[in-house]
Amino acid sequence: MQEDPPPGLDRAPRASLVQLRSFEAVVRLGAVGRAAQALNLAQPTVSTQLKELAAATGQQLLQAQGRGLVPTAVGERLAETARAMFAAWQRFEDDAAALQGLRSGRLRLAAVTTTEYFLPDLLGPFARAHPGIRIELAVENRDAVVAQLAAGSVELAAMMMPPPHLPLQRWPFLENPLVVVAAAGHPLAGRRRLTLAQVSAEPLLARESGSGTRLALENLLAERSVTWAPRMALGSNEALKHAVRAGLGLAVLSRHTLAAEPATEGLTVLPVAGFPIRRMWHLVWRHDRQLSLPARTFLAELRSTLGVRRKPRL
Ligand code: PGA
């Protein structure tokens with residue numbers, strides 16, 4: 001929630017929208033009589049509104065020209081301001097009408113496995129605000145999420161590395177630090193600083209191929225020309241954590257898959273040079289397809305929630 005008042009609130013107009021509407025009509029039509037007729041008001045009513053508006057602004061807004069009225073320079077500015085306010089109000093009414101359309105429908109998303117630790121929390125406010133919308137969230141690895149986007153079976157997807165071959169819009173929304181994890185009692189656990197060469201002498205437990213976490217690790221190893229072949233591949237973050245805890249080796253995992261205090265899970269994060277690998281999660285959608293109203297609304301609401309929330313520090 002935004003707590004600071006919006007800029008200018010303390011100067012919120014003493015003028016009313018009704019006065020502004022009459023004033024704008026006088027400027028546009030050049031005479032009080034014509035404006036009153038267009039607005040279906042009595043001429044003295046419009047004249048009174050103009051006087052009140054001049055008093056509220058403390059400005060001379062209109063001047064006589066021939067038999068009609070024209071705005072002064074400041075009156076011209078006020079007419080423009082009034083038109084912008086009416087346009088904003090119209091947008092509000094359009095949005096309100098569109099939101100009525102959210103009484104039913106479906107929001108289909110796919111998300112990589114590492115986001116399952118927080119994505120349901122981000123869906124919560126939308127689910128509560130739009131109880132008629134059915135939310136279908138598929139949690140899969142990166143390759144499966146990409147396949148769903150390619151097939152068009154989901155509208156939105158959360159992932160670290162959007163594929164370059166699809167026409168996607170992307171919005172980076174949260175940092176995803178990848179860390180090296182060991183069992184709490186591992187011989188390297190108490191060390192203050194480790195190199196990648198040192199940890200790569202240990203057995204590596206990795207996610208399955210098709211996982212974005214694994215791809216990010218493989219990219220890093222290739223960049224550094226380090227060979228660290230997985231001894232074992234496991235198909236979920238939780239299975240990996242169990243195997244690490246059981247002392248079978250080290251793993252590279254998203255920090256978000258671990259408890260705030262990894263020690264409570266019998267795990268520790270090793271201080272390896274070059275880690276965490278700092279990546280972002282993106283929300284992506286196809287720009288060659290029209291997003292449904294539920295998808296557009298979810299995006300807009302999430303943007304405004306995350307826009308004012310402090311980024312979580314990890
Ligand atoms: P994954 O997710 O390892 O579950 O495929 C990685 C990602 O964040 O893209």
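This report walks through helix packing, empty spaces and two backbone details in a predicted model.

## Ground rules

Residues are numbered from 1 along each chain as its sequence is written. Because the model is predicted, local features need pLDDT of at least 70 and side-chain atom pairs count only at pLDDT 80 or more, while totals for chains, interfaces and linings use all residues; side-chain values use heavy atoms, leaving out hydrogens and water.

## Helix 1 against helix 3

Let's start at the N-terminal helices (helices are DSSP runs of H or I with at least four residues, strands are runs of E with at least two, both numbered from the N terminus). Helix 1 covers residues 17-29 and helix 3 covers residues 43-57; their axes come within 9 Å and cross at roughly 105°. Axes here are lines fitted to C-alpha atoms, for helices over the stretch in contact, and angles run from 0 to 180 degrees between N-to-C directions. That makes helix 1 roughly perpendicular to helix 3. As for the wording, under 35 degrees is roughly parallel, over 145 roughly antiparallel, 65 to 115 roughly perpendicular and the rest oblique.

On the helix 1 side, the contact (heavy atoms within 4.5 Å) uses Val 18, Gln 19, Leu 20, Ser 22, Phe 23 and Val 26. Helix 3 brings Val 46, Gln 49, Leu 50, Glu 52 and Leu 53. By class, that contact has seven nonpolar residues, three polar and one charged. Ala, Val, Leu, Ile, Met, Phe, Trp, Tyr, Cys and Pro count as nonpolar, Asp, Glu, Lys and Arg as charged, and the others, Gly among them, as polar.

## Helix 2 and its partners

Helix 2 (residues 32-39) and helix 3 have axes that come within 8 Å and cross at roughly 110°, so the two are roughly perpendicular. Val 32, Gly 33 and Ala 36 of helix 2 meet Gln 43, Val 46, Ser 47 and Leu 50 of helix 3. You'll find four nonpolar, three polar and no charged residues in this contact.

Helix 1 and helix 2 pack at about 125° with their axes 8 Å apart, and are therefore oblique to each other. Helix 1 supplies Arg 21, Ser 22, Ala 25, Val 26 and Leu 29, and helix 2 supplies Val 32, Arg 34, Ala 35, Ala 38 and Leu 39. The split is seven nonpolar, one polar and two charged.

## Pocket and cavities

The largest pocket holds about 330 Å³ of space. On a 1 Å grid over the protein atoms alone, a pocket is an open set of points with protein on both sides within 12 Å along at least five of seven lines, a cavity is a set where a 1.4 Å probe fits but cannot get out, and lining residues have an atom within 4 Å of a point. Grid points are joined across faces, edges and corners, and a volume is the space filled by probe spheres set on the points. Of the 15 lining residues, Pro 13, Ala 15, Ala 56, Thr 57 and Leu 78 lie nearest the pocket's centre. Helix 4 gives the largest share, four residues. Overall, the lining has ten nonpolar, three polar and two charged residues.

There are two cavities of 30 Å³ or more, and the largest has a volume of about 80 Å³. Its lining includes Asn 141, Arg 142, Met 159, Met 160, Met 161 and Arg 207.

## Backbone details

The peptide bond from Phe 275 to Pro 276 is cis, with omega near 0°. Pro 276 sits in the loop between strand 10 (267-270) and strand 11 (277-286). Asn 40, in the loop between helix 2 and helix 3, has a positive phi near 65° despite not being glycine.
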